[in-house]
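The following exercises concern backbone geometry, burial and strand pairing. Please work through each task with the model open before reading its solution.

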Amino acid sequence: MNSTGRLLAAASIAALGLPASQSLAQDDGISWALFGTPGVIDTPVAALPAAGTITGTVTVLPDQYRSTFSFQVSDRLNAAFRYSTFVDYYIGSPTLEDLYDRSFDVAFRVLDESEYLPAVTVGLRDFLGTGVLSSEYVVASKTFGTNIRASAGLGWGRLAGHGAFDNPLASLLGDSFADRPASAAENGDTGKGGVPSYGAWFRGDAAFFGGVEWVATDKLTVKVEYSSDAYLIEQTRNGFDWDTPFNVGVVWFPRPGMHLSFNVLHGNELALTATVLLNAANRPLPSGFDSPPPPVQVRDTAAAASWAGAIDARGLTPSLQEAMAAEGLTLVGLELDGDTLRVRYENDRYRAEAQALGRLARILTAEAPPNVETFQLEPVYAGIPSLGVTLARRDIETLENRVGGTDAVFARADRGPAGPNDGLVPVDDPDPAFTWGIGPYAGFVLFSNPDPVQIEAGIEMRARYEIMPNLVASGALRYALTPYRDDASISGSPLPHVRSDAAVYNNTGNPGIEHLTLAWYGRPAPEIYSRVTAGYLEAMFGGVSGELLWAPTDSRLAVGAEVNYAVQRDFDQLFGFQDYDVVTGHLSVYYDMANGYFAQIDAGRYLAGDWGATFSLDREFENGWRVGGYFTLTDVPFEDFGEGSFDKGIRISVPIDYFAGTPTRQTFDNTLASLTRDGGARLDVEGRLYDTLRSGQLGDLQDGWGRFWR
C-alpha cells in the first residue's frame, strides 16, 4: 500500500468513529455500488431495498462505463440488467476496439436481520453475460445503532482477485469446486455470451471482502471497504492503477430518490456513480386528483314498496347515460326485468375495473327505479362483454361507510360471464365513430451498440373508425425527427431477417405506416373469445392474425391459441411487401399467481420458422406499475442466433395516472431487450385477447377492489 492508500484508509476508519445523530434512512438506508446494485463501493451488501424499488445507475470508471437497471422483485429477490462499455478492450485487434457487454445479476436474501443476527444474501453477478464481470458471493450485513452498517462476505470469481485462498466449498461439496474454469473473457474472447455459466458458479479460489457505511448527515454517507476485486482484466488491458485493496467514497443525497457517489478506488483511480430510484409500489401523489364519487342515494323503503311506475329501459336511458358520461363511463346496453337492472358499459377512464363498477353502482342508486333490488353490471372490452358482476342494491346502500364494507361487497357479489344479448336494449354511442389526432411521440432503445441509450422522437398521426363496437379499423403513420440506429446495413444473420434488419426499416421508412388494420372481436361462447386482425399488422410484417381464448372470469387460468400468416413488408414501411412469408402460431397458457405475479408460456412457431417457447413472469403492483422478464428458447443453435445466444429481456409498463394523478387507462410500455435477433421473434399484433380482457378477470378485479368506493 502506498502512502496515498494508507492515508485514505486511515482517515476513513477514523471518521467512522465520530458520533452522528442521523439514522440509516435515506431511501431505505441503501446506497448503490459501482455495479448498480446495493453495495458499498466494489462489494455487495446483504441489505436490499423495499419490494418494487426500481433504480437506474450510471457509473464512470477509468476506461469503463456501466449503465444498470435494477428491480427489487420481492422483499428478498433483486434482479439487475447491466450494459457496460470497456474502452480499448481488444488489444491488437485490427477490427475491434471497444467491448459492449451485457450482463445480468440476481441476489436473494436468505436471512433477515434481527436483534442479534445479521442479514445474509447470496448473489450472482454477470451470470448470464460474457463473464467479464462474473462473480458469486455470500455476504452478511448488520446495523449498529442508527447510523452504521458493517458488511463482510466471501466472494468467488472476480471477487477473488486479491487475497484468494483455497475454496472452502471443495471440502464440503467435493473436489469439483476446487478449480474454476477459465472464462473466455480472461483470454480476451467474450464469445456469444448469454448462456448461464453453471460450471463456474462458486468454484475456484475464494476471498474475503467487507465494508462499513456511516451516515454522517441526512445528505451524506461515508464508506470504506476492503475489496477483493483486483481489476485484473482492467490492469492487463487498460493499465488500471491498482495499489491497495482499500476503497473509500462518499454518497451525497441531493434529494429523495437521487444518489451521487464519489469514490477513490484502490489508492489511485476515481469512480463516479449517479443513481435515480423510485418505488413502483408507491404513488408520488398519495390520493391523486380523482373527482369525488357520486353519493349513494338510499331509497325510502315505503316508497320502494309502493312504487308502481311504468318506466322502461328506454325511458331510463337518457338520464343514466348523462350521469355515466360524467364519470367517464359509456352506456352500451340496458335491460330492466322486474326488480333487476342489467347495465352493459364501457370504462374509458379508470385503470381498475373495480373503481368503474363502484362508481356505476353509486350512480344506479340514484337513477334506478326504487323497486330495483339487483344490479347486474357488465363491462365491455373491444366491443365484447366478458364479465358479469351482480350486486345487491341494499349492500351498496348500507355498506359504503361501514368498516370492512369493501371486502363485504366483494364477498357478497356474484361474478360470472356476461349475460346474453337477448333482452338488452342497445344504446347508441354519442361519440363519433371516426376519431383521429396528430401529436408528438417518443421512443427509446436501451443498451444497443454502440450507445447505451438511443432516442427516437417525431410526429404521429393516428386514426380509428368504429364500424361496429367489435369491428374497428385503425392505423398510425409516423415521421421521425430524430431517428435512431444510424447503422442501416443489411444484417449478416444466417436466419431469415425477420428482426435483424430493423435498422434498415427505421432509416428507410420515414415516414412509415406503423400499422393499418381491421380487427374483429367476438364471443362465440360465454367464456370463449375470438379475434381476427388483418392488414399491416406491425412495422415489419403484414398479413392475417387469428386468435381464440378460453378465459373463465372467476378463474386465474386462461388458455389461448393464435395462428398467423405473415408477409414481410418493404423497408419503406408503406404498402409493398418482400418475398418472405411464414405461417406462425402459438399455444399460450396464462396464470395469475396472485399477489401481483403473472406467468405466461407461449409455445409454437416463430417468424424465422423456428420452433420453441417463451417463458414470462411479470410483477404488477396495485397502482398499475408492471415489471417483468422473459426468455425464449427455440431450435435455432446459439451460434446461428448470434451474440446473446437466445432472446431475453425485461419489459416495463408504467401507468400514466401514476404521475398525472388523474384517472386514465393509458400506459407507457417499453422493453429492455438484451439484443434483438431473428431467433425467437414473434409477431407484434395490437389487441391480443388476454391483455384486452384481463382487467375483468378474477385476479385483476380482486387486486383492484380496494378502489371500489373511490
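Throughout, a residue is called buried under 20% relative accessible area, exposed over 50%, and partly exposed in between (1.4 Å probe, protein chains only). The model is predicted: local features need pLDDT of at least 70, side-chain atom pairs count only at pLDDT 80 or more, and totals for chains, interfaces and linings use all residues. Residues are numbered from 1 along each chain as its sequence is written, and side-chain values use heavy atoms, with hydrogens and water left out.

**Exercise 1. Unusual backbone geometry**

Determine where Ala 382 lies, and state which sign its phi has.

Solution. Helices (H or I, at least four residues) and strands (E, at least two) are DSSP runs, numbered from the N terminus. Ala 382 sits in the loop between β15 (374-381) and β16 (384-385). Its phi is positive, about 55°, although Ala 382 is not a glycine. Most residues other than glycine have a negative phi, and most peptide bonds are trans. With a relative accessibility of 31%, Ala 382 is partly exposed.

Repeat the analysis for Asp 126: is this residue buried or exposed?

Solution. Asp 126 belongs to the loop between β5 (119-125) and β6 (135-144). Although not a glycine, Asp 126 has a positive phi of about 50°. Its relative accessible area is 1%, so Asp 126 is buried.

Identify the peptide bond that joins Asn 510 and Pro 511 as cis or trans.

Solution. The bond is cis, with omega about 5°. Pro 511 occurs in the loop between α9 (502-508) and β23 (512-525).

**Exercise 2. Helix α5**

Describe the span, bend and burial of α5 (residues 313-326).

Solution. First, the span: the 14 residues of α5 reach 20 Å from first to last C-alpha, close to the 20 Å expected, where the expected value is 1.5 Å times one less than the number of residues. Second, the bend: α5 has a kink of about 35° centred on Ser 319, the bend being the angle between axes fitted to the seven residues ending there and the seven starting there. Third, burial: the buried residues of α5 include Leu 316, Leu 320 and Met 324. Their cover includes β13 (329-337), β14 (340-347) and α6 (353-367). Finally, Gly 328, just after α5, takes a positive phi of about 80°.

**Exercise 3. Strand pairing**

State how β6 and β7 (residues 148-157) pair.

Solution. Two strands pair if DSSP finds at least two bridges between them. β6 and β7 are antiparallel over 10 bridges. Thr 143 has Arg 149 in β7 as its bridge partner.

Note on methods: Contact = heavy atoms within 4.5 Å.
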